[in-house]
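Work through the exercises below with the sequence and the model open. Each task is followed by a solution in steps.

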Amino acid sequence: MSKIPVTIITGFLGAGKTTLLRHLIEKSDGRRIAIVVNEFGSLGIDGGTLRGCSLPNCPEEDIVELTNGCLCCTVADDFIPTMEALLDRPSPPEHIVIETSGLALPKPLLKAFGWPSVRTRMTVDGVITVVDAPAVAAGRFADNPEAVERQREADDSLDHDNPLEEVYEDQLDCADLVVLNKTDLLDEAELAAIESGLATRSRRVRLIRAREGRVDPAVILGLSAAAEDDLAARPSHHDGADEHEHDDFTSFVLPLREQETVEAFIARLEHVARTHDVLRMKGYARIAGKSLRLGVQAVGARIRHAFEQGEASPGQLVVIGLHGLDPVAVQRSFNEA
Ligand SMILES: Nc1nc2c(ncn2[C@@H]2O[C@H](COP(=O)(O)OP(=O)(O)OP(=O)(O)O)[C@@H](O)[C@H]2O)c(=O)[nH]1
């Protein structure tokens, strides 16, 4: 019996995983793909976005959401039973694509493919890591080495771990293919600088550029990497650790009342993004006098919005940031703008 190929799509918060996945489904040429989506934060916004595609080759029942925490930490309870249920369907999918949460470490997930109940029936075709090019260019994932050195000189007991950098590097070092996304937001010199930085990493993988996650499915599906057999070549900051916690990050949901205008709503979000170190916001709200709800997506200070179908009230906003981000202070900033 041939094994069902599984593609894992990973990448930091807001890099463009759902956008890429949506493009993949649209262009998949009738191939029956099941999607497993995992989110950090409790709302299931990504599942809703993908269901909104309404494509004949991706019916709603083929989109499975795992929202009970981070995939890499809930492998036994949630993930394995979900995969078994997909395999046991009367007509199993031809390909399975898993979108991990932006904070997930892909390696524990890869290890799960060694479990007896799935090992003989599935193989990891490839790990695709989506990189947010402007976030890398802005130094989001890298500390200034001189500043770290100064800190260490001042206090040599300092255990300096940058959680953003760790997650980003773990995702890169697990990849079979790196997609450098959002290339529309940088110039050629900036892109070339990121590419040469990535080329110095120990794990050499193919790297391609993309806008709006537009990558030919033939490039992404069918890598035949059998990644589960190749764990040793994929280093992780958490190798040797039994558990991986997400205490470095926090997520909460703000309820949103009806907003007077689109402009006023976006101004509130901009104010929050300026006032707090928010990594990611996504959600929706009802706008006075409009029948569709307004969906919003913010990555750092960059905000996009569009009217969309779906339940509009109560409006909700998922906010993700580093540990210590205070929901009360964020709500206050939102209200005061
Ligand atoms: N300018 C620009 N924006 C993009 C591009 N690709 C995606 N985006 C936007 O970036 C935001 C985040 O995209 P998503 O696809 O939701 O990112 P994600 O990685 O799935 O996010 P999480 O699941 O929260 O980690 C959205 O507003 C997208 O429209 C791109 O190539 N260029």
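The exercises cover a helix pair, one residue and the domains of this predicted model.

**Exercise 1.** Classify the packing of helix α11 (residues 262-275) against helix α12 (residues 327-336).

Solution. Start with the geometry: the axes of α11 and α12 lie 8 Å apart and make an angle of about 135°. Angles over 145 degrees count as roughly antiparallel, and 65 to 115 as roughly perpendicular, with oblique for the rest outside the roughly parallel range under 35. α11 is therefore oblique to α12. The handedness of the α11 and α12 crossing is right-handed. Next, list the residues in contact: α11 contributes R268, H271, V272 and T275, while α12 contributes V330, S333 and F334. Sorted by class, this contact of α11 with α12 has three nonpolar, three polar and one charged residues.

**Exercise 2.** Decide whether T7 is buried or exposed, and describe its surroundings.

Solution. Locate T7 in strand β1, which spans residues 4-10. Within 10 Å of T7 there are 26 other C-beta atoms. The cut-off for buried is 20 or more, so T7 is buried. Now set aside neighbours within four places in sequence: T7 is in contact with H95, V97, D125, G126, I128, I220 and L221. For a separation in sequence against one in space, take T7 and L223: they are 216 residues apart in sequence, and their C-alpha atoms are 8.9 Å apart.

**Exercise 3.** Describe the contact between domain 1 and domain 2.

Solution. Begin with the bounds: the domain assignment gives 4-233 for domain 1 and 249-336 for domain 2. Domain 1 supplies 14 residues to the contact and domain 2 supplies 15 residues. On the side of domain 1 that touches domain 2, seven residues are nonpolar, six polar and one charged.

Technical notes: Residues are numbered from 1 along each chain as its sequence is written. This is a predicted model: local features need pLDDT of at least 70, side-chain atom pairs count only at pLDDT 80 or more; totals for chains, interfaces and linings use all residues. Axes are lines fitted to C-alpha atoms, for helices over the stretch in contact, and angles run from 0 to 180 degrees between N-to-C directions. Helices (H or I, at least four residues) and strands (E, at least two) are DSSP runs, numbered from the N terminus. A crossing is left-handed if the near helix is turned anticlockwise from the far one by less than a right angle, and right-handed if clockwise. Two residues are in contact if their C-beta atoms, placed from the backbone, lie within 7 Å. Ala, Val, Leu, Ile, Met, Phe, Trp, Tyr, Cys and Pro count as nonpolar, Asp, Glu, Lys and Arg as charged, and the others, Gly among them, as polar. A residue is buried if 20 or more other C-beta atoms lie within 10 Å of its own, exposed if 12 or fewer, and partly exposed in between; C-beta atoms are placed from the backbone. Domain bounds come from an automatic or database domain assignment.
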